[in-house]
Each structure stands twice: as C-alpha cells, then as structure tokens.
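Fire up your viewer and keep the selection box handy. We'll hop from stop to stop, and at each one I'll say what to pick and what you'll find there.

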Amino acid sequence: MKKKKQKNFFYRGTYFDYPSLFLILFLFMFGLIMVMSVSSYQGSVEFDDSTYFFKRQLIFGSGGLLAMWFVSHIRYQYLKNWSLVICVGSMLLLILVFVVGSASHGSTRWINLGFISFQPSEIAKLALIIYTAHICTAKSAYLRSIMGTIIVMILPMICIVLIAIENLSTAIVCGVIVVAIWFVATPKKWHLAIVIAVAAAGFVIFLNMASYRGGRIEAWLHPETSPDGYQTMQALYAIGSGGLFGRGLGQSIQKMGFIPEAHNDMIFSVICEELGIVGGMAIILVFGMLLWRFRFIAEGAPDRFGALMVVGVIAHIAFQVILNICVVTNTLPNTGCALPFISYGGSSLAFLMVEMGLVLSVSRQIVPVSRQEEVAG
C-alpha cells in the first residue's frame, strides 16, 4: 500500500491576485506619505526629528511586508493544526498585559520588550480570524443549535471579553469579525438576533463600568460644549477647511498641534484637509476596490476554511474603516479606532500585513477558469 504523499508547506500555485497586491501596496505607500505629512510637526517638537514617526512606521511596515510575502507562500491549510495554539497563545498574552503591561495615554494595552512594544489585542484579531474560521469549519454541525454554537464560540467569547477589559473599541472590532465568520458559516441565520441582543447588553454594561465612556457619549452629542469634544471639533474644522480639493499635501494647519495625535486615529480628517473631500472619497473607493477583490478570493477559495478566513479579513477592514470615518466625522462616539494601513501604529500595521498574507495565500490556490476547463476536458 502506497503512502499518501505529504503536501509541501510552501505553495507556489497557478494563480495570484495581483490586483489585490497592487491595492495593498498602494494603501501602504499612501499611509507612509500621510504619516510623514501629518506627523512632521509633532516629530519636530517632541523628538527634534520631523521624520521620527515616518521612520518607525517604515520599519514596522517593511517587516510587515516581509511577513506578508512569507505567509502568502505557505499552504494556509497547515494553520488549522495550530489554530488552537495561536488562539490560546494570544489569550495568554492578553492576560500578561495585566501583569507586566506598560501604560500609554492612560491605558495599559502594551507589552514592552525593551527594543519593541506591541499590543496583544492586534495579535488577537489575527488569532480569532484563524481559530473561528477553523472551528466553524471543523464543527459546522454544532452551529445548527444555540447550545452547539455556544460550545463552539466559548473560546472566542472569552478572548473578546479579555480584549474588552483593555480596549473596548478593539473588542467591538473582534466581535464583528467573529460574528461575520459565524454568520456566513451557520445555516441558522435567526441566531443572529440573539447574538446582537447579548452583544448590546454587554456593550451597555461596559459603557457603565467606566465614567469616561459616558463623557464620550456627551462629547458625541454636544462636541461644541463638552470638555471632551475638543478633538472632534478640531477634526471637523480640518474637514471643513479642506473644501473640495484640499489645501495641498503637507499644507494642513490643524496638524500643527490643534488635533491631538493627528497621525493616529484622526488622520482621515487631515487627509480631507490636505486632499479635500475628493481625496477622502478616493481613499474610500480604494478600500472598496480592495474589499471587492477579497470577496472574489473568498468566493473562489478551494475550501471552506480559506473562504471563512478571507471573510474575517473583509469584516475586519470594512468595519474598522467605517468605524474610523464615522468617528472622525462625529457620526459615532469617539472610540479610538485606527484607519487600516494609514494610521500610525507599528504593531497594528505589521499584523494587518500578516492578514493580507493570509488572503494572498488563499488566492494562490484558486483554480483559474482555463485550468478548470482543462481538467474537465
């Protein structure tokens, strides 16, 4: 009896989604340009180096590109064997934050290793995508009942609670990722109403656990009079002053210390100030094109696991883009949510690139139509 030939860990494939790669690289390069433009003033004031934040973003982004290239070449099916280890490992890192976590801007969310610091919640996003996609594939029969769904989702739910204790906005994003994968995988769509009800109840509880969250609601409703509405008002001033075509790249006034941490969560407001509403809409269009290509990859994935992983990445990017822009335009309360690829943040950019590698890895196993016809013939 012949032994079954072991498939190689690395996979070259017969197809590669170059449009997705181009859009990813475009957003990455555009993000570097905007970080350079928006952070130059703060870098000069705080570090006597106008390129300080740009150089750090470039270093982490370059590492992320290498990670993306590596992950895109692996046979992603091997991740199923490690999904539980990855998920539990991310949970242990989240717990470690309570023990040795370092604080920044009033929140303890980072682990500092001396030469580098990172947010375990960013690793948790990636872990939840891989684990939830695997568990919804391996235990798909369990998703037909409420009790089975709870059993399958117990680990992701615990992980989200740990994230919520540290960062509510990231927990919301992770919750959307898990629900999106589960919604696509489950045949019982009416379960979604129960999940939404439980999530809404949990959201209200967390809002009342910290007084500053109530202040954010007040700032959202009355930014012009609330003490916490300063950042929102300055962001709106930036968007309004940009007009249709903007002041020009690098010509923002609001980034000169008026918008706190303009290169982070509020970077979209400076994009609109420098490039105008047209520039802001163009970036939204690029995100839309990227998500459309990812949908194509999900539909062409060779197996359920790969398709659900891409669904998780789509949910992550789509929801985070919508949430960030809604916050900047004061459509939603301020949640401290970054704009993918563009906002400053080394660890978030690096792990986002790993997610892109997963999607590109799935795309390598798509069988082109010409090849399908050849096999059928």
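Is phenylalanine 47 buried, partly exposed or exposed? Select phenylalanine 47: its relative accessibility is 38%, so the residue counts as partly exposed. Here buried means under 20% relative accessible area, exposed means over 50%, and partly exposed is in between, with a 1.4 Å probe and protein chains only.

Some housekeeping before moving on. This is a predicted model, in which local features need pLDDT of at least 70 and side-chain atom pairs count only at pLDDT 80 or more, while totals for chains, interfaces and linings use all residues. Residues are numbered from 1 along each chain as its sequence is written, and side-chain values use heavy atoms, with hydrogens and water left out.

**The whole view**

Colour by secondary structure and you'll see 13 helices and three strands. Helices (H or I, at least four residues) and strands (E, at least two) are DSSP runs, numbered from the N terminus. The protein has 377 residues, and 50% of them count as buried. Now for contacts, meaning heavy atoms within 4.5 Å: of those with a separation of 6 or more, 75% are between residues 24 or more positions apart.

**Rings**

Searching the whole structure turns up nine aromatic pairs. Rings of Phe, Tyr and Trp (its six-membered ring) pair if their centres lie within 6.5 Å; planes under 30 degrees apart count as stacked, over 60 as edge-to-face and the rest as tilted. Keep phenylalanine 47 selected and add phenylalanine 53: the ring centres are 5.7 Å apart and the planes sit at 80 degrees, so this pair is edge-to-face. Phenylalanine 53 is buried, at 6% relative accessibility. Add Tyr52 and Tyr344 as well, and you have one aromatic cluster together with Phe47 and Phe53.

For a ring with a charge over it, go to phenylalanine 296. Arginine 293 lies over its face, at 4.6 Å from the ring centre. The test is that NZ of Lys or CZ of Arg is within 6 Å of the ring centre and within 35 degrees of the ring normal.

**Along α1 and into α2**

Where does α1 bend? Centre on serine 39, where α1 bends by about 55 degrees; that is the angle between axes fitted to the seven residues ending there and the seven starting there. Methionine 29 is also in α1 and is partly exposed, at 46% relative accessible area. Draw a distance from its C-alpha to that of isoleucine 342: you should get 8.7 Å, although the two are 313 residues apart along the chain.

Follow α1 out and you land on aspartate 48, with a phi near 55 degrees. Most residues other than glycine have a negative phi. Aspartate 48 lies in the loop between α1 (18-47) and α2 (52-72), and with a relative accessible area of 72% this residue is exposed.

Next, select α2. Its 21 residues reach 30 Å from first C-alpha to last, close to the 30 Å expected at 1.5 Å a residue (the expected span is 1.5 Å times one less than the number of residues). Show side chains for its buried residues, among them Phe53, Phe60, Met68 and Val71. Look down the axis of α2: the buried residues fall within an arc of 110 degrees, so they line one face of the helix. The arc is that of the directions from the helix axis to the C-beta atoms. What covers them includes α1 and α12. Turn to the face away from the buried side, and there are the exposed residues Ile59, Leu66 and Trp69.

**Three more stops**

Which residues does asparagine 330 touch? Leaving out residues up to four places away in sequence, the list is Ala219, Trp220, Pro223, Thr232 and Leu236. Asparagine 330 sits in the loop between α11 (304-328) and α12 (346-364). The phi of asparagine 330 is positive too, at about 65 degrees, but this residue is buried, with a relative accessible area of 17%.

Leucine 143 is in the loop between α4 (120-138) and α5 (146-166) and is buried at 0% relative accessible area. Its C-alpha is 8.0 Å from that of alanine 185, 42 residues apart along the chain.

Finish in α10 (residues 267-300), at glycine 288. Glycine 288 is partly exposed, at 36%, and its C-alpha is 8.3 Å from that of alanine 318, 30 residues apart along the chain.
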